Amino acid sequence: MANNVSAGERARDFLVKYGFILVTLIAFVSFFASQDTFRMGTTFFSMLKYTSVVAITGLGITFAMAVGGLDLSVGAVAGMSVTLSAMTMVIYAKSAAVAVLVVLLAGLVIGVFNAFLIVYLKIPDLLATLASMFMIMGLKLVPVNGRSVSSGMMMADGTTAKGKFTDQFLKIDGGTVGPIPIAVIVWLVLTIACWFFLTRTTWGRAMYAVGSNPEAALLAGIKVKLYRSLAYILSSVLASVSGLILASRIGQGDISAGNSLLLDSVAVALVGTSVLAMGKPNAWGTALGAFLIGVVITGLTIAGFPYYGQDVVKGAVLLLALIFSFTLSRKKARFISAT
């Protein structure tokens, strides 16, 4: 009997730790074996490229979750970044470098603003970032009179916009290094940087300590306010990076850009907590969550699955991740406490 219990617990441990990786492999192999188009290298890299925006935004949310919070403004920040990129290059005829700098600075300012609301005014993070989200979504429409910004557009004074999206800027999403899209390289580099920061530096470990128990962290001498502020600043800056990629992809300042990004980004960050049974937000888990959703949506799209059913699939993936994260791990905890 003891051997049977031991075998069952070993199986549960395996599912908790590797279950979501197995789900990802099964989904990938299934589509790879059944669809000729899915097996094409161009399809694979295109999938990674289009997933990169959600994945990078998810990395930002990972930082907010690491300190026990959540940032609901990331989609709005990405959308604002699209509009700012277009305004800088199309309306003011500035270079790609200036557009990138303006967008990153704007993301930094919003991050500082969110941190001020949450950390110093002590407004709950969900409420503060929700208010920030609505403010950003409204403010980005003011300078463009509620219109999308595109090359050759008619200005309010009757003149034509003198600038355009530069070739250098369009390469952020459209360029490649060999067969690998630049957007994918940016995603990989940022994932490695976030993983290293959170797991290999004192700052990252302090963030996890704050998220786990802020009172204990404060008693241990950790500057809780500083690390919570840093998390929201990094979240906004990474969302602005996603906005740069998105702006390069669509080639205009679409005022609706980024509207659907929040839910997908939160989903991949939550999925990441189930990877390797870490039970906490982590960079590689977020990357794997984004990859899995990219694989499933790409495979189903190629198979002719209707677009309006994709949210159901995303919800199912998230639910499966939550089962791995909470239900199975809770059973494991009960077994350990009983023995």
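## Aromatic pairs

Across the whole of this predicted model, a search finds 11 aromatic pairs. One of them joins Phe-28 to Phe-44 in an edge-to-face arrangement, with 6.2 Å from centre to centre and 80° between the ring planes. This pair links distant parts of the chain, since Phe-28 belongs to helix H1 (residues 2-34) and Phe-44 to helix H2 (residues 41-66), with the two positions 16 residues apart in the numbering. Neither ring falls in the buried class, because Phe-28 has a relative accessible area of 23% and is partly exposed, while Phe-44, at 29% relative accessibility, also counts as partly exposed.

A further pair is formed by Phe-31 and Phe-38, whose ring centres are 5.8 Å apart and whose planes meet at 40°, so that the pair is classed as tilted. Phe-31 and Phe-38 are both buried. Ring pairs connect these four residues with others into a cluster made up of Phe-28, Phe-31, Phe-32, Phe-38, Phe-44, Phe-45 and Phe-291.

## A lysine over a tyrosine ring

An aromatic ring also takes part in a contact of another kind: Lys-280 is placed over the face of Tyr-208, at 4.1 Å from the centre of the ring.

## The crossing of H2 and H11

Helix H2, which carries Phe-44, also crosses helix H11 (residues 261-272), and the two axes come within 8 Å of each other at an angle of roughly 65°. The crossing of H2 and H11 is right-handed. On the H2 side the contact involves Val-53, Val-54, Thr-57, Gly-58, Ile-61, Thr-62 and Met-65, and these meet Leu-261, Leu-262, Asp-264, Ser-265, Val-266, Val-268, Ala-269 and Leu-270 of H11. Sorted by class, the contact between H2 and H11 has 10 nonpolar residues, four polar residues and one charged residue.

Ser-265, which lies in helix H11, can be followed in detail within this contact. Its relative accessibility is 0%, and Ser-265 therefore counts as buried, the limit for that class being under 20%. When neighbours within four places in sequence are left aside, Ser-265 is in contact with Val-54, Thr-57, Gly-58 and Ile-61, residues that are listed among those of H2 in the helix contact.

## Two alanines, in H3 and after it

Ala-86 is located in helix H3 (residues 74-91) and is buried, with a relative accessible area of 0%. Its C-alpha atom is separated by 4.9 Å from that of Gly-253, although the two residues are 167 residues apart along the chain. Apart from residues up to four places away in sequence, Ala-86 touches Ile-91, Val-149, Phe-165, Gln-252 and Gly-253, so Gly-253 appears both in this list of contacts and in the C-alpha separation, under a contact limit of heavy atoms within 4.5 Å.

Ala-93, by comparison, is found in the loop between H3 and helix H4 (96-120), and its relative accessible area of 40% makes it partly exposed. The C-alpha atoms of Ala-93 and Lys-164 are separated by 6.8 Å, with these positions 71 residues apart along the chain. Again leaving out residues up to four places away in sequence, Ala-93 touches Thr-88, Lys-162 and Gly-163.

Note on methods. Residues are numbered from 1 along each chain as its sequence is written. This is a predicted model: local features need pLDDT of at least 70, side-chain atom pairs count only at pLDDT 80 or more; totals for chains, interfaces and linings use all residues. Side-chain values use heavy atoms; hydrogens and water are left out. Rings of Phe, Tyr and Trp (its six-membered ring) pair if their centres lie within 6.5 Å; planes under 30 degrees apart count as stacked, over 60 as edge-to-face and the rest as tilted. Helices (H or I, at least four residues) and strands (E, at least two) are DSSP runs, numbered from the N terminus. Buried means under 20% relative accessible area, exposed over 50%, partly exposed in between (1.4 Å probe, protein chains only). A charge sits over a ring if NZ of Lys or CZ of Arg is within 6 Å of the ring centre and within 35 degrees of the ring normal. Axes are lines fitted to C-alpha atoms, for helices over the stretch in contact, and angles run from 0 to 180 degrees between N-to-C directions. A crossing is left-handed if the near helix is turned anticlockwise from the far one by less than a right angle, and right-handed if clockwise. Ala, Val, Leu, Ile, Met, Phe, Trp, Tyr, Cys and Pro count as nonpolar, Asp, Glu, Lys and Arg as charged, and the others, Gly among them, as polar.
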